[in-house]
Amino acid sequence: MEKRIRVSQVTVPLKHEVRQAVKKACRMAGIRESDILRYEIAKQSVDARHKEDVKYSYSLDLILNRGVRYKKDSRHIREVACTCYHPEATGDTPLRHPVAVIGSGPAGLFCAWLLAKNGYRPLVFERGKCVSERQQDVEKFWEGGKLLPDSNVQFGEGGAGTFSDGKLNTLVKDKKGRNRFVLETFVSCGAPEDILYMGKPHIGTDILRTVVSNMRKEIIRLGGSFSFSSKVTDVEITDGKLSALIINDEKQIPVSAAVLAIGHSARDTFSILRERAVSMEAKSFAVGFRVEHPQDMIDISQYGNVADRSVLPPAPYKLTYQAENGRSVYSFCMCPGGYVVNASSEEEHLAVNGMSYRARDSKNANSAVIVSVTPEDFPNPDDPLSGIAFQRMLERRAWQAGKGKIPQQRFDDFEAARHEDTEVNNVPLSGDRRANTEDSMCSHTDIEDFSSCVKGASLQADLSGILPADLRTAFIEGMHAFGEKITGFDRPDTILSAVESRTSSPVRIVRDGTFQSNIRGLYPCGEGAGYAGGITSAAMDGLKVAEAIMSLYAPSGYYSQPIET
């Protein structure tokens with residue numbers, strides 16, 4: 001018999017081997033190394049509380065024979081049990097038609113993954129293209145090509161998270177092991193193993209594309225199917241229950257259930273659902289700008305000047321502030337060593353996001369600094385889609401300010417409402433500081449002179465009229481408050497890019513305890529439905545919805561021939 005003890009706060013020097021941490025954990029537990037059958041890293045993080053002595057900190061699981069005695073310390077040492085996530089199909093209702101999953105972002109992918117693993121052979125419909133073709137479309141757009149409304153940073157295989165930092169940390173409490181299951185699934189499909197224990201794990205957009213593709217191949221191997229460039233343009237409802245999906249305005253697909261994992265930018269789909277009397281409500285979210293700083297500046301602030309930063313990862317940050325007018329101001333989707341990207345999905349509207357590759361080796365850090373908004377800020381608070389109208393208003397202003405390119409402005413000019421509408425490519429933002437396009441990005445050599453790291457053409461512009469006045473005031477106040485926490489955060493040449501409007505869904509599709517909407521058989525799921533925020537929480541919600549379907553329907557005997565999609 002074995003037992004597992006977790007020894008936490010095991011600190012070691014920056015330059016170390018894991019064996020050093022294991023030896024220290026044994027000393028802390030009062031056992032010999034020979035008592036260990038094996039060990040696992042539960043967590044690794046940087047302990048930078050004392051800038052003069054930055055260390056790595058581990059939580060280690062030591063697996064021992066049941067008879068081995070160890071030193072009990074409630075703060076640092078405790079016995080733990082493995083939580084294994086293995087949900088089973090318990091439903092007995094026969095499926096006359098297949099289960100469909102609408103959307104192949106993290107919520108849809110993991111819902112389809114679990115259903116496929118349990119014999120349900122889900123049909124996945126994705127309005128965009130497969131990830132390899134989608135990547136080509138996005139890169140062409142960034143290089144000045146045409147925006148494709150169904151193949152862009154928001155739409156296509158992998159969802160919006162495919163062109164992001166690939167962060168996997170979440171605040172969702174997880175007693176059933178779904179979080180671990182998500183991480184282990186990613187690793188099995190090509191993600192680095194360190195995401196299983198890093199304190200703030202991330203995959204990176206370059207590797208995430210491969211992971212997404214491998215997940216699709218496994219779902220197909222298990223009997224599922226994928227239909228790309230297949231937009232759900234209507235739903236058929238019979239006696240209050242979903243009966244069929246209409247694909248691309250022409251093909252009818254009978255279904256017994258459909259998972260709405262449509263993402264936060266599926267504005268046309270939200271309109272269709274409202275027309276079909278699907279219960280929805282407007283919800284709060286946040287808007288603001290992408291802000292860029294030299295990564296060196298962030299590293300020095302977070303790690304100090306003494307630590308050997310060559311053995312440390314690019315430093316992240318997380319900042320919050322309550323403005324005097326009651327608005328919450330906070331950093332969001334922080335990308336160490338990342339890029340600001342054009343994340344637009346509608347003609348003549350412009351939205352930005354942040355993205356990092358696995359190496360996080362860009363010279364700049366960027367994050368969204370955003371201000372909270374509520375339905376009371378929207379044009380018609382009683383309209384469940386009024387938040388979309390609010391987003392579109394800001395995105396239209398951003399598109400006009402940048403003349404179709406990403407509008408950028410220095411923080412001091414934004415605060416003073418000074419501007420000159422000139423090509424960022426050719427004219428300095430001020431003095432010799434430039435915000436360049438991708439061809440010449442990251443040309444700076446020190447923290448006193450830096451350029452924008454941006455994917456997509458950009459233009460120096462006036463951003464002061466994009467946000468409503470009270471949001472602009474809260475943003476400026478928050479930037480200065482953050483400058484008290486991270487020296488230089490509110491430096492005059494901080495580069496702002498507009499507009500960060502897609503932080504979360506402005507809509508919640510109401511669901512009950514069975515995870516169904518008021519239309520039976522329709523399962524709202526993930527970030528777009530208003531039940532998640534980020535890759536991991538969306539994936540976990542996809543698992544929950546799959547569990548709900550598995551608890552109702554039997555996995556076999558529902559149709560003898562494959563459905564043509």
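This short presentation covers two residues, one helix and one sheet of a predicted model.

I shall begin with Asp490. This residue lies in the loop that connects helix H10, residues 469-485, with strand S23, residues 495-500. Is Asp490 buried, exposed or partly exposed? Its relative accessible area is 24%, and because buried requires a value under 20% and exposed a value over 50%, Asp490 counts as partly exposed. Setting aside neighbours within four places in sequence, Asp490 is in contact with Phe411, Met479, His480 and Gly483. With one of these, His480, there is also a polar contact, side chain to side chain, at 2.8 Å. As a further point of orientation, Phe332 is 158 residues away from Asp490 along the chain, and the C-alpha atoms of the two are 16 Å apart.

The second residue is Asn353, which belongs to strand S17, residues 352-355. Asn353 has a relative accessible area of 14% and is therefore buried, the limit being under 20%. Which residues does Asn353 touch, if those up to four places away in sequence are not counted? They are Phe163, Arg290, Cys333, Tyr339, Val340, Val341, Ala343 and Glu500. Arg290 deserves separate mention: its side chain makes a polar contact with the side chain of Asn353, at 3.4 Å.

I turn now to helix H7, which spans residues 295-303. The buried residues of this helix are Gln295, Met297, Ile298, Asp299 and Tyr303. As background, an α-helix has 3.6 residues a turn, so residues three or four places apart point the same way. What covers the buried residues of H7? The cover includes three strands: S2 (36-47), S13 (285-294) and S18 (364-373). Just after the helix comes Gly304, whose phi is positive, at about 85°.

My last topic is a sheet. Three strands, in the order S8-S9-S10, make up an open sheet with antiparallel pairing. At its edges are S8, residues 232-238, and S10, residues 251-254, each of which pairs on one side only. From one strand to the next, the twist averages 30°. In general, the strands of a sheet pair through backbone hydrogen bonds, and may do so in parallel or antiparallel fashion. How many bridges join S8 to S9? There are six, and the two strands run antiparallel, with S9 covering residues 241-247. As one example of this pairing, Val235 has Leu245, in S9, as its bridge partner.

Note on methods: Residues are numbered from 1 along each chain as its sequence is written. This is a predicted model: local features need pLDDT of at least 70, side-chain atom pairs count only at pLDDT 80 or more; totals for chains, interfaces and linings use all residues. Side-chain values use heavy atoms; hydrogens and water are left out. Helices (H or I, at least four residues) and strands (E, at least two) are DSSP runs, numbered from the N terminus. Buried means under 20% relative accessible area, exposed over 50%, partly exposed in between (1.4 Å probe, protein chains only). Contact means heavy atoms within 4.5 Å. A polar contact is a pair of N or O atoms within 3.5 Å; within protein, one must be able to donate a hydrogen and the other to accept it, and residues adjacent in sequence count only if both atoms are side-chain atoms. Two strands pair if DSSP finds at least two bridges between them. Axes are lines fitted to C-alpha atoms, for helices over the stretch in contact, and angles run from 0 to 180 degrees between N-to-C directions.
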